[in-house]
Amino acid sequence: MKKMILSIVIITLFCFNSTLAQENKLQLKSTSLGIGLSGLSSDNTGISDTSTAGFSVNLDVSVNLNKHIFSLYLNKDFKLNLFDGREHYNQLNATYGREFELNNWLKLEGHLGLGYFNYSVKNSSTNFNTNEESTIGFPLRVKLIFYTRKNFGIGINPNLNLNSLINTYSVNIVFQYNF
């Protein structure tokens, strides 16, 4: 299932790229890698459970179409809950965004989109059975990038994913390379 979704996304991006590259100016914009902290918020209570704090790693590839940014965003989370077992989530998102130049070395990007969200829990109270569920997620991301060179920047990247299973958030240090 995951391979099929990934294949569909890749084929769609290639078709989108080849169709619009000649008519408009579709260009590879950037790629970024983020590492940070993440958490979960129960959809029933809306209160964060700090015992499920963990680490987050994300990767995105972005293209420009005129002033519009389209990104493919992958996020992997690792959590360790000492009382109930191990849990983690994965998400693959397609997002739309815009970039705002605050000055020559500081830029702000805002993104929102739609994606695939997978959540799994290995519960110690049920003989370590893994319970896994998937749904559609609605990601919201912001990147504040300080450019140290013309093509390279370091910044902060808060992320939020709203979905029907469990809402997630993360704050990452991001390293971005512009093409």
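**Exercise 1. Find out how many salt bridges the structure holds, and follow the ones around K29 and E109.**

*Solution.* Step 1: The structure holds five salt bridges, where a salt bridge is a side-chain nitrogen of Lys or Arg within 4 Å of a carboxyl oxygen of Asp or Glu. Side chains of opposite charge can pair when their charged atoms come close.

Before going on, a word on the model: it is predicted, local features need pLDDT of at least 70, side-chain atom pairs count only at pLDDT 80 or more, and totals for chains, interfaces and linings use all residues. Residues are numbered from 1 along each chain as its sequence is written, and side-chain values use heavy atoms, with hydrogens and water left out.

Step 2: Begin with E99, which forms a salt bridge with K29; their closest N and O atoms are 3.3 Å apart. This pair links distant parts of the chain, since E99 sits in strand β4 (residues 85-103) and K29 in strand β1, 70 residues apart. Strands (E, at least two residues) are DSSP runs, numbered from the N terminus, as are helices (H or I, at least four).

Step 3: Now look at K29 again. Its side chain also meets that of E109 in a salt bridge, at 3.2 Å from N to O. K29 lies in β1 and E109 in strand β5 (residues 106-123), so this pair ties together parts that are 80 residues apart in sequence.

Step 4: Move on to K143, whose side chain meets that of E109 in a salt bridge of 3.7 Å, N to O. Because K143 lies in strand β6 and E109 in β5, the pair ties together parts that are 34 residues apart in sequence.

Step 5: Put the pieces together. Salt bridges that share partners join K29, D60, E99, E109, R141 and K143 into one network.

**Exercise 2. Decide for E99, K29, K143 and E109: buried or partly exposed?**

*Solution.* Step 1: Learn the cut-offs: buried means under 20% relative accessible area, exposed over 50%, and partly exposed in between (1.4 Å probe, protein chains only).

Step 2: Apply them. E99 has a relative accessible area of 29%, so E99 is partly exposed. K29, at 7%, counts as buried. K143 is buried, with 1%, and E109 counts as buried at 1%.

**Exercise 3. Work out how β6, β7 and β8 are connected.**

*Solution.* Step 1: Strand β6 (residues 129-147) and β7 pair in the antiparallel sense over nine bridges; two strands pair if DSSP finds at least two bridges between them. As an example, L140 has L160 in β7 as its bridge partner. A hairpin through four residues joins β6 to β7.

Step 2: β7 (residues 152-163) and β8 run antiparallel too, joined by 10 bridges. Here G155 has V174 in β8 as its bridge partner, and a hairpin through two residues joins the strands.

**Exercise 4. Describe the surroundings of T168.**

*Solution.* Step 1: Place T168 in strand β8 (residues 166-178).

Step 2: Check its cover. With a relative accessible area of 2%, T168 is buried.

Step 3: List its contacts (heavy atoms within 4.5 Å). Not counting residues up to four places away in sequence, T168 touches G39, L40, Y89, Q91, F117, N159, L160 and N161.
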